[in-house]
Structure formats: C-alpha cells, structure tokens
Amino acid sequence: MRVRLSIAAASLLFAFAPSPLAAAPREPRAAAASSLFDSDPSTKGTTESAVAGASGRSFQNPPSEQPGTIIDRIIFIGNRRIRSDTLKARIFSRDGDPYNEETLRRDFQALWNTQFFEDVKLRVEDSPDGPNHKNVVFEVKERPVIRRIRYDGIHSVSESDILDRFKERKVGLTVESQFDPTRIKKAEVVLIELLGEHGRQFAKVTPQYERIAASNAVILVFKIEEGPKVKVGRITFTGNHAFSSRKLIRAMRHDRPYAIPLYVTEIPVMSKTYDREKLNEDLEVGVRGLYNDNGYFKVVVNEPTLENVDTQGFRLGVPVAGRSHGKAVNMNIKIDEGDRYKMGTLKIVSADPDKALSLKVDALKTIFPLKQGDIFSAAKIRKALQDYTKAYGQYGFIDFTAEPQFDIDDASKRIDITLRFTEEKQYYVRRIDFVGNTTTRDKVIRRELLLDEGQLFNKRAWEISILRLNQLDYFDRIEEDKAVEIKRNQKEGTVDLTLKLKEKGKQSIGLQGGVSGLAGTFIGLTYQTNNFLGLGERLTFSAQFGDIQRSFMFGFTEPYLFDRPITTGFTIFSSRYSFNQARQEALLLGQSVSINPQFIQNYNQNSDGFTLVASYPMKKLSFARVGLTYGLTRTTITPFNDASRFLFEDIQFRSVAGPSALTGIISSTITPTITYNTVDNPINPRSGKSYFYSLSFTGGPLGGNVNTITNVFDWKYFHPIQKHRNVIGFHATAAYTTGYAGKEVPPFSRFYMGGENDIRGYDIRSISPVTFIPQASAVPIAFRDPTCMGCPPRSFSVPVLTYVATLPGGDIQTAGNVEYRIPIVGPVTAALFFDGGTVGIARPSALQLDPTGFATLTQQFPGSNVKQQLTIAPNTNFRVRGSTGIEFVVQLPIVQAPFRVYYAYNVHRLYEQIVAPTPYIDPKEITFLKNAFGTIDPAIFPLQIQPQLNAIINNPGRLDYFEPKTTFRFTVSRTF
C-alpha cells in the first residue's frame, strides 16, 4: 500500500527556506511540473526565464507517526553526478532509525540547502518488509553543469581580464560549475562594472543558456552590447581662485587628457576613457589633495555636474580613416576653497599617559618637516608619519603607529598638531630562517644580513639586507613585503624572520652567435657560475671566435676570503682584435663606411695578459668599497694602411720609433679604485645609484715600456616612476689619460667614442679628433722626349711632403646617457634614450713626431715649415655629438644576456670634407728641374712637368667625414 499525502497548507511550504532558483512561491505540484529546460534540444532561453521557470521543491505530507514505526530504507532517485552515499551523509536520518516527521523535514531542508538540485521531492511509502516499516524516497533533479562560457560581442576587454576580475570578486562562475542564477547575476554585474572601467558606460549584458542535447549540461552565453566608448569631455571648474583650471586638470591623473608637455604649456592630444570610480579618486586625491598640500585645509570639492554628450570625430585621429561617433562626459566641478591655513605648534605625546616615549621628543621634532608659520601641507604630514614609522622601526618598534590630531584656530588661520605615538612592544630577533635556498649555503646569505639573532630588530637594517641580497643576483628579485614572513611573539617580545627565496640557475652554458658592433659576426661558448658550489664564488670561462675578434678568458672571484668581506679574483686572457673601421661598419650596415677608409684606423692588436683584483668595504657591511687591481699586458700591433702605420711608427709613445715600436708593448698597471653601489640589480636595475673612481698608474717602477696615468669617473642613478612600473636611468662618465717621463699614451689606449657603449647612433670608435701626419713621399712624373720620336714616355720621382689624415683618439672624454625604460611584456623592455658626449685632445703636445723622423723631414724639406707637433683639423676637437631614439631589449634567462635592437637619430653630427695641408715641393727641386729640362727642350717643363707639379700641390688629401643621420642596429649588450 502506498501512501501519498500532499501538504495542503501553504504555510507549511513557507516553513522551508525558499529556493535560489524560485522567483515566487508556487504550489508544490505546479513547481514539480515546471522544468528548467524543454525537451526540445534546440531550446534556448535567458537566465531570467531560468529563474522564473526553475523547479521548486515538493514535500508530501508523511503519514502520522505511529509508535514503533521505523525507516526501513532511504532511497534517492534522479541523482547522476552525486553519489547516494554523499547525499546520505548530508541528512540526519539513517536506515533503521525511528520514523520522525520533524527529522524528515530537516532532511528535506538539508538537501535543498546543498544547492545541488533545482527540484527536490520527498515521499514516504510502505515497505514490503512489514506494516511498521517505511521507505523514504527523495526524488531529485540535479542542476545542469556549465560546459562552456562564451562572451559574444566583447571587444574592449579580453577573456583573461574577465576571468581575473571574476576571481578577484569571488564570483564563483567557472566551467564545470553548476548552473546558479545567483552567480550568473553577480557575473553580469561584474561584467558591466568592468566594461564601465574601459569606457563602455552604456554596455548591456544579457545572460543566456543553450541546452546540450542528451546531457544535463548547458552552454552559458553572455550577449554583450558594448555601446559607444565614453570619453572624458570638457572639464570646467568654478570657484577656483588659488589655482588655475589647467593646473587642477593636471592634478586629475586619470581624467586629464594625454598631452605633449612644453616648457610653459602643453598640447592636448587625446582624451582619456571615462570611469566614475577614477573620477572620484581624482577629485579626492588629485584636486582636494592639491588644495590640502597648499594650506587649504577646509576646501570642499562638490559633486561634479555631469553631462553626457554625443561626439563626432575622425577614426584614429586621421581624417582619411573616416568619421566615428561616440559619447563624452562633460564635467563641471564647483570648489569652495575656504581659507588658507599655516602651521601652528607641534606637540608629540605618548598615547599612553602612564608611559613616556622611548625616544627624545626634541629629536623627534627635528624629523617633522613643517616649522611654525609654514604653509600647512597634508603631503608633508603624511611624509612625516612615514619617517616616524621608519625611525621607530630602527629601534624594534615594528607595530608603532602615529595618530595626528588637529586643533584648528579659525581666527588666526592656524592649525596646531598633536601627534600621539603608540609605540607598542619593542622586538628582538629570535630566529632567522631561509626557505628555497636549495644550493646556496645559509652562511652565504647570513653574511649579507645586517641583522643577527639576539639583536634588536632594525627595520632599516633589514631593508638594506634585502638590497644586498638582490645585488648578489643569486635569486629572483626579493620583494620585502612578499618574501619575508614575520612572526611575532608578543609575550616574549621576539620575532622570527623567514626569508622565502627562489634561486636562479647558478650555472649557464651557452652557445652565442650573432652580430655586434664591436665584435662583428661571431660565435662563442661561455660557461659561468655565479654561485659555485653554493659558496658564492664566481667562475667564468669564455671563448669567442669571429671575423673581427677572437678572445679567450678564464676568471675566478672569491667574494669572502677567509670568511672576511675581502673580494679577490683573477683573470687570464688572450685576444686578437682586428680594428678595421671601414670593414666592420660595411658588414654591419650593408654599405660603405661614411668616412674615407684610407684615413681611418686599420690594424690588428694582439694582447695577452692577466689581472689580479682585491677589494674591501670601507666599513663593516657598507656599500662603499676600496679596491686594488694589478694587470700585466703584452701587445703587438700590425698596421694595414698608412694612417695606422704612420700613427704607431711616427708618434712618440715609446723610447724607440719605427717598426720596432709596434712589437713588445708591455703595460704593467696598478689601479686603486673606490666604489659606492646601491643599485638593486646588476642586470635589470630599478632603483639605486653607484659611483666609481679609479686611478691607473702604468709603467715607471712597475716595469714595462708604457708610462701612463689614467683617471676614470663613472656615475649611475636609477629611479622607479609610474607606481614603480617604469624606470628612468641616468649615466655619466669622464676619463683623462696622459703620459709621463718623456713617454706618451699609446694610440690604442687613447679614447674613441661612438657605438653601443656610449653614443649609440654613431659608427664604432669613429668619434675622434682628426690630425695630419707629415710624410715624405716620391711622386712619379712622366714626360715625352721630343728629341726621341716614337719612344715611350719617360718618368722620374719628385720628393713631396704630403699629409696623411688619421684619427688619433683623444686624451679626455665625457659622455652622458638618459634612458626611460618601459616593461612591455615578460622579458621585453622598451627604452627611450638620449646619448651625448665629446672626446678631444687636451694636450696637443702629446701628439708629436719622434725626433729622428722629424729631423729627417726638416733636413729633406728645409723650407717646408713642418712642425714636430701634429696639427688638429678645425671643428673636430671636442665637438659634441648627440643621439636619441628608441631601443627594444629582450632579456633571455637561459643565455643571461640582453639582446637589443635600436633606432637612433644623430644630433649635431659632423658632415663635411676635411682638407689636409697643402703638399710641399722644395723650390730648389723645381728650379733644378726647370734648368735640367731647359737644356733639352725649353717646352718640356712648362708644357709637361709644370702641370703635373701644380696638380700635386693643388690637390691635398681630403677626408670625407660624413657621419650617419640615422642608425638601426642589433647588439648583445646594454649601454649602462
């Protein structure tokens, strides 16, 4: 016998919590009859219809409780995805329990609250096992599963942006989740909000679903009509007297137009997208903040009056692209400025009247930036609170808070400030642990820390410790607020610090190849470990082969010798460098070099040697270090054209002259250095500065045959901007070199500029003063003897003093670089740059012919007025060059090298033909020729010989110094 009794009273239905899918109370039978989906597989509908047509729940009134009645079985019908055992665990009744109507009501409610089902029915049937046995049957209909989510009509935002926003707002709507109209409605609201942030204030979002045949699953579709993009229109202010409307608009970071800044004004380019939330931030932080920072403490920025207007313009700002229609929001903002206030008295007291401050009040007042009578500034107050937090953090008060209280005197327009300090407990370091350093030894990390266990916790010392660890470049960038876990023990007054690290690959084996401005076409093998055996040592081996440069280098560096902060190391190297400006520029640019190849340097330089280095911090754990480097190098020069041969053989830089001056050039150099470096990362810096100065002393008591003294200064500064997203970097360098004890600087050690390391848009090492070296040469003269008809032309040689142009380099150079670096995506970074610099000869007396050669020239050409000191071409010494452009850098983690391409436009380039001094022929030689040929035939000299002599004298050497206007180049390096 089956008993089926339904609940007649509607009040019994309301005794249970309403379904999230139910739009209104319905009769149980009607609810059971309705369905979320039709039987037709092509049925589509909106979630609104789903809400209206969702199945309800039905509770059939069970028979009256009879003494001794038990539940024989609990049966679930209709559950496919959810196991019956799982459902039994959610209810209170069990097989064999006494039959209880109130317990069944609770079971029904528990199943409904699981949100697993869109319909739940309960009925009680007689069991065939006996008259007092009942079977409890739950008929359920599972909610469908969302198999796919589509966003039709979306263009302004990507699907990944939508998923990120869903995750941020905890919408809970994902693929394979159950169909839940409540979550779908929340997703709709979030989508409208997200589109509004991207200027789609009139967007419409309609959720729909599509049934998947033969399954209890749906495809959820959000039909989106984005509507026109809303821009910020005209912004006007009323009531502003202290500041101009233009200045107030510039304070609105989110709503001010994109503009090109000029010296006193700016040119608007494009309006920004309207977003009401960002407008509120601009009004509060931008406009109100500007007034508060300038003494207008009671300024009132009223709610803006907004006006939606239709706009019409050109697509992409280009008339030929056609017109576009859109919308904009005009804003009128009323401001009540109020009075301007000044700083009054300052009081610093303890928030606990029974406890005095740990630090002296007079010392604390010196930190406060405002003096009595100064214009009140809210920004300076905020800065002061930060400074007080840092000051107390140095003494272990890591929970310190400062609360300002303002006493406003409207009569005198003065604000008295009382700062109430809550110091809380002073903490000591109990334990420092490291997580993630699988290879790096703990002692390598601990020696970089300025804190030790048992010491007072110093927040500033901890920040510097993080910076020192980042400078090692052993780990991925360590963010202090993310990578450090601080556990407080308030009872004991101690903290446990856990530093979470992620090691970089300590070893890199790479095969490199490509084209570089300095190395030409090359291929190289490099092995490097910056954390050898986890002890911090650096081991480097590299071999590089190319058509311009071949090099071998092996080096080792020990950062802590004998567990003391003494950095020591050595390198052994051998290199062969073919310095052929014409050839390497032709290879690089695919065209001939701009300067006459005969007059630029072309020689091979073979060098072998080693260096030893040691450095030590000026004080314990400081960023300043002093160092000492010793190097020994043996160099041989092989010139391939007259410009290089004359430069090396005739310039007096050794005690010998001629070809012997090119072999066995030994440089023994000792270099003391001093450095200060707070740059946070050696490869991709974001903040910090560095100073470097060195004084190199070569030769003299150190041996060798080169005597030089060289001074080098280098400075770098990096500062994050745009909420620490972008970086602006500055770099400046200057160097000076000179010889001593009768010797001068070798030509290969003089300074040249141009190329990827200093001024990017110019040819490699092509920026140099131009000089002319006098040389004796024999020029052939041909003539025909009229007394010998049919004879071939005869010839003889005339000694001529000619001048060969060459680029000797300078003895002083200065250069500066500015970069604005913008991360694009992943390892790709763009940089706007400007380079400028100059190189010149401050001591022209250093460029002199050797005495033997000069004596020969004066003896051979006594009337030539030749000078031992070389002449410098006008407009070439200390000529300033500039280069500006954009570069793109890709930092590949495997190769650990920055690959970049850049385009540069050159400013103040040299583009002219430099003419050498007039060749000289001894007048006595001309008179002798005239007399000699006059005895043969008086017509030979004026008609044949004289024109050739005139051609020699009137055609001096010319140097086409045509520097490029633009440059596009690929390199494997960074300028700074």
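**Exercise 1. Classify Glu193 by its accessibility, and then describe its salt bridge in this predicted model.**

Step 1. Glu193 has a relative accessibility of 30% and therefore counts as partly exposed, since that class lies between the limits of under 20% for buried and over 50% for exposed.

Step 2. The side chain of Glu193 meets that of Arg169 in a salt bridge, with a distance of 2.5 Å from N to O. The pair links distant parts of the chain, 24 residues apart, with Glu193 in helix α7 (residues 181-197) and Arg169 in the loop between α6 (159-168) and α7.

Step 3. Arg169, at 31% relative accessibility, likewise counts as partly exposed.

**Exercise 2. Determine, for the salt bridges Asp152 with Arg150 and Arg414 with Asp416, which residues are buried and which are partly exposed.**

Step 1. In the bridge between Asp152 and Arg150, the closest N and O atoms are 3.2 Å apart. Asp152 has a relative accessible area of 23% and is therefore partly exposed, whereas Arg150, with 19%, is buried.

Step 2. The side chains of Arg414 and Asp416 meet at 3.3 Å, N to O. Here Arg414 is partly exposed, its relative accessible area being 29%, while Asp416 is buried at 15%.

Step 3. To set these pairs in context, a search of the whole structure finds 50 salt bridges. Salt bridges also link Arg760, Glu819, Arg821, Asp835, Glu887 and Arg900 in a network.

**Exercise 3. Describe the surroundings of Ser864, and decide whether this residue is buried or exposed.**

Step 1. Ser864 is located in the loop between α17 (851-860) and β37 (871-872).

Step 2. The relative accessibility of Ser864 is 12%, so this serine counts as buried.

Step 3. The side chain of Ser864 reaches the backbone oxygen of Phe861 at a distance of 2.8 Å. When neighbours within four places in sequence are left aside, Ser864 is in contact with Leu801 and Tyr920.

**Exercise 4. Examine the backbone angle phi of Phe562 and of Ala741, and state where each residue lies and how it is classed by accessibility.**

Step 1. Although Phe562 is not a glycine, it has a positive phi of about 55 degrees. Phe562 belongs to the loop between β25 (549-558) and β26 (567-580), and with a relative accessibility of 71% it counts as exposed.

Step 2. Ala741, which is not a glycine either, has a positive phi of about 55 degrees. Ala741 is found in the loop between β32 (726-739) and β33 (771-783), and at 62% relative accessibility this alanine counts as exposed.

**Exercise 5. Characterise the second largest pocket by its volume, the residues closest to its centre and the make-up of its lining.**

Step 1. The space within the second largest pocket amounts to about 1600 Å³. This pocket is lined by 50 residues, of which Gln605, Phe748, Ser749, Arg750 and Arg765 are the closest to its centre.

Step 2. The element that gives the most to the lining of this pocket is strand β28 (residues 624-639), which supplies six residues.

Step 3. Sorted by class, the lining of the second largest pocket consists of 28 polar, 18 nonpolar and four charged residues.

Terms used: Residues are numbered from 1 along each chain as its sequence is written. This is a predicted model: local features need pLDDT of at least 70, side-chain atom pairs count only at pLDDT 80 or more; totals for chains, interfaces and linings use all residues. Side-chain values use heavy atoms; hydrogens and water are left out. On a 1 Å grid over the protein atoms alone, a cavity is a set of points where a 1.4 Å probe fits but cannot get out, and a pocket is an open set with protein on both sides within 12 Å along at least five of seven lines; lining residues have an atom within 4 Å of a point. Grid points are joined across faces, edges and corners, and a volume is the space filled by probe spheres set on the points. Helices (H or I, at least four residues) and strands (E, at least two) are DSSP runs, numbered from the N terminus. Ala, Val, Leu, Ile, Met, Phe, Trp, Tyr, Cys and Pro count as nonpolar, Asp, Glu, Lys and Arg as charged, and the others, Gly among them, as polar. Buried means under 20% relative accessible area, exposed over 50%, partly exposed in between (1.4 Å probe, protein chains only). A polar contact is a pair of N or O atoms within 3.5 Å; within protein, one must be able to donate a hydrogen and the other to accept it, and residues adjacent in sequence count only if both atoms are side-chain atoms. Contact means heavy atoms within 4.5 Å. A salt bridge is a side-chain nitrogen of Lys or Arg within 4 Å of a carboxyl oxygen of Asp or Glu.
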